[in-house]
Amino acid sequence: MADFIQTLILGLALGGVLALMGSGLSLVFGVMRIVNLAHPSLIIVGAYIAYWGFRLWGIDPLVMLPVAAVILAAIGVLLYRFVFEREARSAKYSEMTVLLTFALAMVVEGALGGMFTNTQRVTSPSYATDAIFIGDIFIPTGQLYAGLASLAIIGGLALFLKYSRFGYAIRATTQNREAAELLGVNVNLVSMASFAIGIGLAGAAGALVSFVFSFFPAKHWEWIAVLMSLVVLGGMGSILGTVLAAFMLSVVAAFVGDYIGSTWSTLTFFLALFLILLLRPQGLFGEKPELA
């Protein structure tokens, strides 16, 4: 029983971080139908910001989190204005963004590799290797802090979307872009702000990732399938679904790693992605596509 509880705790702690990593991806798709394959590479950018803040000035990654979020949000505004805004009304926009963001991921990886090489790095605040012991059960403080911070950010995002006027506009645009525009919503502004928020969430996730995982510029290729499995299982564009999927799959992966082997735990996400596309493409909370 102690082993079961231990594995469950580790899975839940990691699930919070994965939920934050996937929530920005889900928000951007929900509002703009952008399949952002560059999202994990931008998380890596946030991780490097936190890493160098800690290494050069000794600033805690949790303190660097809002800094990384703001920097990435500003990058998001620039990316939207100069890369994604032009063809936003195209009928093939989603298909176009797959190739566009794939190319962007390659550019970001190349730039990071040129500046920082492919050496694996990790931010090492004191709590990153500490643990809280409760009898025979331990809770890694690094994962605990990262999980709690992730839930706090996601909770703030949920409150913003539910109760603010701009949140109403984002939700209206997500549900029906054309109808929202007819009702006076500045869809272009909403799209730009939503993209900036989504990329800002990637920066915040990167600051947490910097002390939970080791990272290097090409690491994003390992994460894209993991994050896509969360977004697809939860339902494309559903932040709630993405959060629930993150906890579900991270717990399952933790038990697979504990009872079968750590090399098999990542397979959980690939298998989930395959099965959900095969059996229920709309995911848990997505809308079933209408047949022509």
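How does the lining of the largest pocket divide by class into nonpolar, polar and charged residues? Let me answer that straight away. The lining has 17 nonpolar, 11 polar and five charged residues. One caution before I go on. This is a predicted model.

Let me stay with that pocket. The largest pocket holds about 990 Å³ of space. Its lining is made of 33 residues. Nearest the centre of the largest pocket lie Gly30, Arg33, Thr174, Gln175 and Gly237. Which elements give two or more residues to this lining? They are α1, α4 (93–116), α5 (141–163), α6 (165–175), α7 (177–182) and α10 (239–259). The largest share comes from α1, with six residues.

On to the second largest pocket. Its volume is about 500 Å³. Here 18 residues form the lining. Leu14, Phe213, Ser265, Thr266 and Phe269 are the ones that lie nearest the centre of the second largest pocket. At least two lining residues come from each of α1, α9, α10 and α11 (262–265). By class, the second largest pocket has nine nonpolar, seven polar and two charged lining residues. So much for pockets.

Now the cavities. How many of 30 Å³ or more turn up in a search of the whole structure? The search finds one. The largest cavity contains about 30 Å³ of space. Its lining residues are Leu25, Phe29, Ile34, Val35, Asn36, Met228, Val231 and Met236. Two elements give two or more residues to that lining, α1 (2–32) and α9 (220–234). Seven of the lining residues are nonpolar and one is polar. No charged residue lines the largest cavity.

Next, helix packing. Two packed helices are described by the angle between their axes and the distance between the axes. Take helix α3, residues 61–84, and helix α8, residues 187–212. They pack at an angle of about 145°. Their axes are 6 Å apart. The residues of this contact comprise 19 nonpolar, six polar and one charged. As for handedness, α3 passes α8 in a right-handed crossing.

Last, α10, which we met in both pocket linings. What span should its 21 residues have at 1.5 Å a residue? The expected span is 30 Å, and the end C-alpha atoms of α10 are 30 Å apart, so the two agree. Now the ends. Ser238 caps the N-terminal end of α10. A side-chain oxygen of Ser238 lies 3.0 Å from the backbone nitrogen of Gly241. At the other side, just after α10, Gly261 takes a positive phi of about 155°.

To recap. The largest pocket has about 990 Å³ of space, and the second largest has a volume of about 500 Å³. The contact of α3 with α8 includes 19 nonpolar residues. And α10 has a Ser238 cap at its N-terminal end. Thank you.

Technical notes. Residues numbered from 1 in each chain as written. Predicted model: local features only at pLDDT ≥ 70, side-chain atom pairs only at ≥ 80, totals over all residues. Heavy atoms only, no water. Axes fitted to C-alpha atoms, helices over the stretch in contact; angles between N-to-C directions. Helix = DSSP H or I, 4+ residues; strand = E, 2+ residues; numbered from the N terminus. Left-handed = near helix turned anticlockwise from the far one by under 90°. Nonpolar A, V, L, I, M, F, W, Y, C, P; charged D, E, K, R; others polar. 1 Å grid on protein atoms, 1.4 Å probe; cavity = no way out; pocket = protein on both sides within 12 Å on 5 of 7 lines; lining within 4 Å. Points joined across faces, edges and corners; volume = space filled by probe spheres on them. Expected span 1.5 Å × (residues − 1). Polar contact = N/O pair within 3.5 Å; in protein donor to acceptor, adjacent residues only side chain to side chain.
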